[in-house]
Amino acid sequence: MISDYPHLIDLADHPVSWWNGLLELGQEIMKNPALYANSCRGKIMGTLFYEPSTRTQMSFQTAMLRLGGTIIGFDNPQTSSVAKGENLKDTTKIVSGYSDVLVIRHPTAGAAKAAALTADCPVINAGDGGHLHPTQTLTDLLTLKCEKGRLSGLTLGLCGDLLNGRTVHSLCKAMACYPDNHFILISAKELAMPSYIKDYIRAHGGTFEEMTSLEDAIPKLDMLYMTRVQRERFDDPAVYDALKDTYVLDTKKMKLAKPDMIVMHPLPRVDEIEIAVDDDPRALYFKQAKYGMYVRMALILTMLQSKKKTELLSGAVHPGIKCANEKCITRKEEYLPKSFIGKGTTLTCEYCDERLLLKH
Ligand code: NCD
């Protein structure tokens, strides 16, 4: 299914040259914001936030306001008709008709793609469940570009909830597309990186190793990306409690790191970075959040100027097959075409990337 609009559902849907263009534009805007103050005059951005957010929502909103545009939307679906049982299709259809660009965050994997199927304007994925978070990755890429001076030849440590953390999924997929990056995946075994992301890294020429000790990994790193354990994705609170404090970055561990290693975190922080680390000049997470505003300005501008169509579904519809992922949007919004990409006996859901093994 080809949509008439440009969308950002997954960075992998666009070439690396397009991401690089956004980073360059973000840097240009950062240098001279006044030049862009009226670039989106008369345009309206709709924000549909079905999940809590501080940075993503406010950086998108300020980005649009700083470009001279205006904003509508909700940050609590309970104050919209969603509380009356309205489905994602209808909400999207209506609000996209009022807006020039739509930004959506949803607790369910694949929701942004599902929204784009019916939207009458470009859709930007601001986080879909534990799946992807492409605009956080653009933020991370701009931070690395400005602070490390390069996006290749880096040893990147990702630590915490690698299973449910959408930011690390998008970041690994993106950084694997630049040459000579090595990933050190630091997590408890229960929260390890999904195999589809590890396969993606391999397929794109990246290398990775998995470790459980942050102390052992930290001396090797050019960048450490800390993440919180994603409480809202756990069905059993006892499992969350058992895992939530596995990794804490403190000043003692920072002493083991290279003098030019940088610490990033998508935020919010819970307890995984001790407050005292904030005073270390290598702690860049607050600066990182500001880069996010500039790269989102670049993204909004680009989406509003682009006439590109987007291929949303390219596989085959299998009405009788359910996605194996209970947290996939196709399990909640049953009208959605159950579209899979087929490869041998494996089908991959086109909304959430979950793989399904066919029995013969
Ligand atoms: C992240 C998210 O929502 O996935 N936050 C953000 O957008 N900056 C990370 C998180 O919630 O842990």
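This section describes two sheets and a group of helices in a predicted model.

Strands of a sheet pair through backbone hydrogen bonds, in either a parallel or an antiparallel manner. In one open sheet, 5 strands are arranged in the order 8-7-6-9-10, with parallel pairing. The edges of this sheet are taken by strand 8 (207-211) and strand 10 (262-264); each has a single partner strand, so one side of each is left without a neighbour in the sheet. On average, and with direction ignored, neighbouring strands of the sheet are turned by 20 degrees against each other. Within the sheet, 5 bridges connect strand 6 (residues 155-159) with strand 7 (residues 182-186) in the parallel sense. Thr155 has His182 of strand 7 as its bridge partner.

Two helices lie across strands of this sheet. Helix 5 lies across strand 9 (223-226) and strand 10, and runs at about 165 degrees to strand 10. Helix 7 lies across strand 7 and strand 8, and its angle to strand 8 is about 145 degrees.

Helix 6 packs with both of these helices. Between helix 5 (residues 134-148) and helix 6, the packing angle is about 55 degrees and the axes are 8 Å apart. Helix 5 is therefore oblique to helix 6, and their crossing is right-handed. On the side of helix 5, the contact involves Pro134, Gln136, Thr137, Asp140, Leu141 and Leu144, while helix 6 contributes Thr167, Ser170, Leu171, Ala174 and Met175. Of the residues in this contact of helix 5 with helix 6, 6 are nonpolar, 4 polar and 1 charged.

Helix 6 (residues 166-175) also packs with helix 7 (residues 195-203), at an angle of about 15 degrees and with the axes 8 Å apart. Because angles under 35 degrees count as roughly parallel, helix 6 and helix 7 are roughly parallel to each other. The crossing of helix 6 and helix 7 is left-handed. His169, Cys172 and Lys173 of helix 6 meet Tyr196, Ile197, Tyr200 and Ile201 of helix 7 in this contact. The contact of helix 6 with helix 7 comprises 5 nonpolar residues, 1 polar and 1 charged.

A further open sheet consists of 4 strands in the order 12-13-14-15, and here the pairing is antiparallel. Strand 12 (316-317) and strand 15 (355-357) form its edges, each with a single partner strand, so one side of each has no neighbour in the sheet. Strand 14 (residues 346-349) is joined to strand 15 by 3 bridges, and the two run antiparallel. Opposite Arg355 in strand 15 stands Thr348.

Key: Residues numbered from 1 in each chain as written. Predicted model: local features only at pLDDT ≥ 70, side-chain atom pairs only at ≥ 80, totals over all residues. Heavy atoms only, no water. Pairing = 2+ DSSP bridges. Axes fitted to C-alpha atoms, helices over the stretch in contact; angles between N-to-C directions. Parallel < 35°, antiparallel > 145°, perpendicular 65-115°, else oblique. Left-handed = near helix turned anticlockwise from the far one by under 90°. Contact = heavy atoms within 4.5 Å. Nonpolar A, V, L, I, M, F, W, Y, C, P; charged D, E, K, R; others polar.
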